[in-house]
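Thanks, everyone. Let me put the model up, and then we can walk through it together.

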Amino acid sequence: MKTSLNIKIKTFFLFALLIGAVPVGHAVDADYLSAFTERGMKLWHVPGMSVAVVNKDAIEYQKGFGETAADKGQPVDEHTLFAIASTTKAMVVTGILMLVDEEKLSLDDPIIKHIPELHFENPMLSQQITLRDLLAHRTGLPSTDYWSFMQNMSLTEQISRLRTVEPAAPVRTRLIYQNTMFEIAGLLIERLSGQRWHDFLTERLWRPIGMLETYGERAQIGAGQSHVTPHMYYEDRLVVPDWDFPADFADAAGSAWSSIHDMSLWAQFLLRNGVTSDGDRLVSESGMQQMFEPHQLSSTDDFYPTVELTLPNWRSYGLGWFQQDFQGRKIDFHTGSLSGLIAIIGLDLAGDKAVIVLGNRDHAEMRHALMWDVLDNTGEKKRDWNQDVFELYEARSERDSEKWKEIQSKRLTGTDMSLDPEDYAGRYSNPSIGEVLIAGTGSDMKLRTTLVDFELSHWHLDTFLVERKSSEMRDFASFSISPEGVITSVDLSGAVFERVTEE
């Protein structure tokens with residue numbers, strides 16, 4: 001009876017494949033994918049890139065392109081190390097799920113149960129926000145990226161300042177990407193395991209999978225290991241920006257480095273539902289189900305611009321994964337972005353296919369084109385993802401340029417600053433963001449955070465343009481002056497910094 005049933009099942013699926021009822025993945029055309037990648041690299045001016053396509057049992061495609069640096073770089077191969085940035089998050093989630101399997105915590109534990117010093121602006125939130133909320137970006141808190149990327153703020157200080165951050169939405173009502181919450185998840189791993197998050201992952205996840213070229217911080221990369229340098233494309237040329245993180249800074253939100261070789265092993269582990277190539281289960285089936293279960297629906301505005309091309313019926317976030325439907329299939333994916341460095345991993349779990357892209361040019365969005373091209377099952381008639389994604393982002397850039405022109409058209413002419421340039425200099429403090437320093441005079445004025453220097457130039461009246469030209473970051477600083485003719489504060493994007501009186 002059992003044999004007969006198996007024959008019937010096999011016959012059904014064979015018939016379904018023949019009539020097209022079950023989607024069939026297309027084999028990777030290596031020459032096509034290589035040419036596609038090289039064309040995209042030219043469009044986006046990417047010095048180096050690695051690309052892989054895998055199923056749970058085999059590497060279908062794995063190749064390095066270009067060089068580690070635009071100037072005197074080395075050829076990229078499958079062992080070249082790239083920053084994997086926020087694709088680290090799903091690995092951190094995996095570590096958390098291992099601890100859940102060991103019954104050391106529950107995803108629905110209030111986070112203050114394990115980190116009691118953590119308090120939010122609304123005392124009720126301190127009791128309500130769970131670990132699951134942190135991992136699904138549904139706390140309602142706005143981004144606090146400036147703490148890490150501008151101020152180099154320790155996690156201890158970030159936690160103390162969280163009580164000053166007003167929510168942007170009620171808890172569990174909106175997907176708002178929040179890196180500090182994943183830093184806290186890394187701290188939770190340390191509290192419960194006694195190991196730093198990346199040491200825990202090295203021992204419990206990366207080594208068992210065979211990922212021997214994966215590190216939680218850049219300082220762990222050996223002197224003889226090939227790794228990329230970051231690049232930005234500015235004024236028609238590639239420039240090398242500063243590193244986002246110090247070499248010895250391990251940030252659970254996204255400081256890991258890996259190779260396309262190792263990332264292929266990671267993707268295969270996920271396609272096998274938490275099982276290594278040797279058959280060892282590292283995460284329970286229920287844990288893996290939780291990882292890929294949709295936890296928070298997303299609006300179009302809170303998702304990626306590529307929804308204009310993929311036209312999903314729904315968008316969500318799991319635990320460490322963006323999610324949407326595509327051609328009738330659920331796709332789980334995640335990007336990674338640091339200054340001058342990019343990554344993306346996309347999973348078609350039902351179709352047993354994964355694609356990984358690593359690159360060393362800031363926001364080279366051809367990563368999306370590669371992912372959707374590989375996952376596109378429409379055959380020879382599929383769209384030109386390279387060109388369509390490029391034009392999509394070019395149009396967004398042009399809209400930004402038009403907005404900037406509109407702002408420039410409203411600039412008041414013929415006005416002077418109220419005081420001498422040196423009168424604006426000094427330290428300014430905001431209870432949430434920390435301190436900034438205004439320094440210099442005349443044409444050499446600067447606004448300095450702990451990590452970043454911005455150029456400061458007079459705009460009109462007592463408003464100054466704040467910009468970091470190599471990254472095209474622009475903002476405005478508006479100073480307030482007391483009746484006594486003394487500067488009391490500066491407003492930066494709605495955040496008021498009070499002037500610090502020197503003792």
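Start with Phe303. This is a predicted model, and in it Phe303 is buried, at 8% relative accessibility. Phe333 is buried too, at 0%.

Now the aromatic pairs. The count for this model comes to 27. One of them joins Phe303 and Phe333. The geometry is edge-to-face. The ring centres are 6.0 Å apart, and the planes make an angle of 85 degrees. Where do the two residues of this pair lie? Phe303 is in the loop between strand 7 (296–297) and helix 12 (307–310). Phe333 is in strand 10, residues 329–338. So the pair ties together parts that are 30 residues apart in sequence.

Both rings belong to one aromatic cluster. The other members of that cluster are Tyr177, Tyr304, Tyr317, Phe322, Phe326, Trp372 and Trp385.

Staying with rings, look at two arginines. Arg411 sits over the face of Trp459, 4.2 Å from the ring centre. Arg474 sits over the face of Trp404, also at 4.2 Å from the ring centre.

Next, the sheet. In what order do its strands run? The order is 2-1-12-11-10-9-8-7. That is an open sheet of eight strands, with antiparallel pairing. Strand 2 (59–66) and strand 7 are the edges, each pairing on one side only. Inside the sheet, strand 11 (residues 341–348) pairs with strand 12 (residues 353–359). Seven bridges link the two, in the antiparallel sense. Ile342 has Gly359 of strand 12 as its bridge partner.

Helix 13, residues 366–375, lies across this part of the model. Its strands there are strand 1 (48–54), strand 9 (322–326), strand 10, strand 11 and strand 12. Relative to strand 10, helix 13 runs at about 160 degrees.

On to the nonpolar cores. In soluble globular proteins, nonpolar side chains tend to be buried together. Here the largest nonpolar core has 81 residues. Which of them touch the most other members? Ile111, Ile184 and Trp266 do. Helix 3 gives the most to this core, with eight residues. Another core, of 37 residues, lies apart from it. Its members include Tyr61, Ala369, Val374 and Phe390.

Back to Ile111 for a moment. Leaving out residues up to four places away in sequence, Ile111 touches Leu118, Phe120, Ile129, Thr130, Leu131, Leu134, Ile184 and Leu188.

Now a polar residue, Ser148, in helix 6. Is Ser148 buried or exposed? Ser148 is buried, with a relative accessible area of 6%. Setting aside residues up to four places away in sequence, its contacts are Gln158, Glu183, Asp251 and Leu451.

Last, the backbone. Most residues other than glycine have a negative phi. Two residues to check against that are Glu103 and Asn152. Glu103 has a positive phi, near 60 degrees. Glu103 is in the loop between helix 3 (88–101) and helix 4 (123–128). At 72% relative accessible area, Glu103 is exposed. Asn152 also has a positive phi, near 50 degrees. Asn152 is in the loop between helix 6 (146–149) and helix 7 (155–161). Asn152 is partly exposed, at 33% relative accessibility.

Technical notes: Residues are numbered from 1 along each chain as its sequence is written. This is a predicted model: local features need pLDDT of at least 70, side-chain atom pairs count only at pLDDT 80 or more; totals for chains, interfaces and linings use all residues. Side-chain values use heavy atoms; hydrogens and water are left out. Rings of Phe, Tyr and Trp (its six-membered ring) pair if their centres lie within 6.5 Å; planes under 30 degrees apart count as stacked, over 60 as edge-to-face and the rest as tilted. Helices (H or I, at least four residues) and strands (E, at least two) are DSSP runs, numbered from the N terminus. Buried means under 20% relative accessible area, exposed over 50%, partly exposed in between (1.4 Å probe, protein chains only). A charge sits over a ring if NZ of Lys or CZ of Arg is within 6 Å of the ring centre and within 35 degrees of the ring normal. A nonpolar core is a set of buried Ala, Val, Leu, Ile, Met, Phe, Trp, Tyr and Cys residues joined through side-chain atoms within 4.5 Å. Contact means heavy atoms within 4.5 Å. Two strands pair if DSSP finds at least two bridges between them. Axes are lines fitted to C-alpha atoms, for helices over the stretch in contact, and angles run from 0 to 180 degrees between N-to-C directions.
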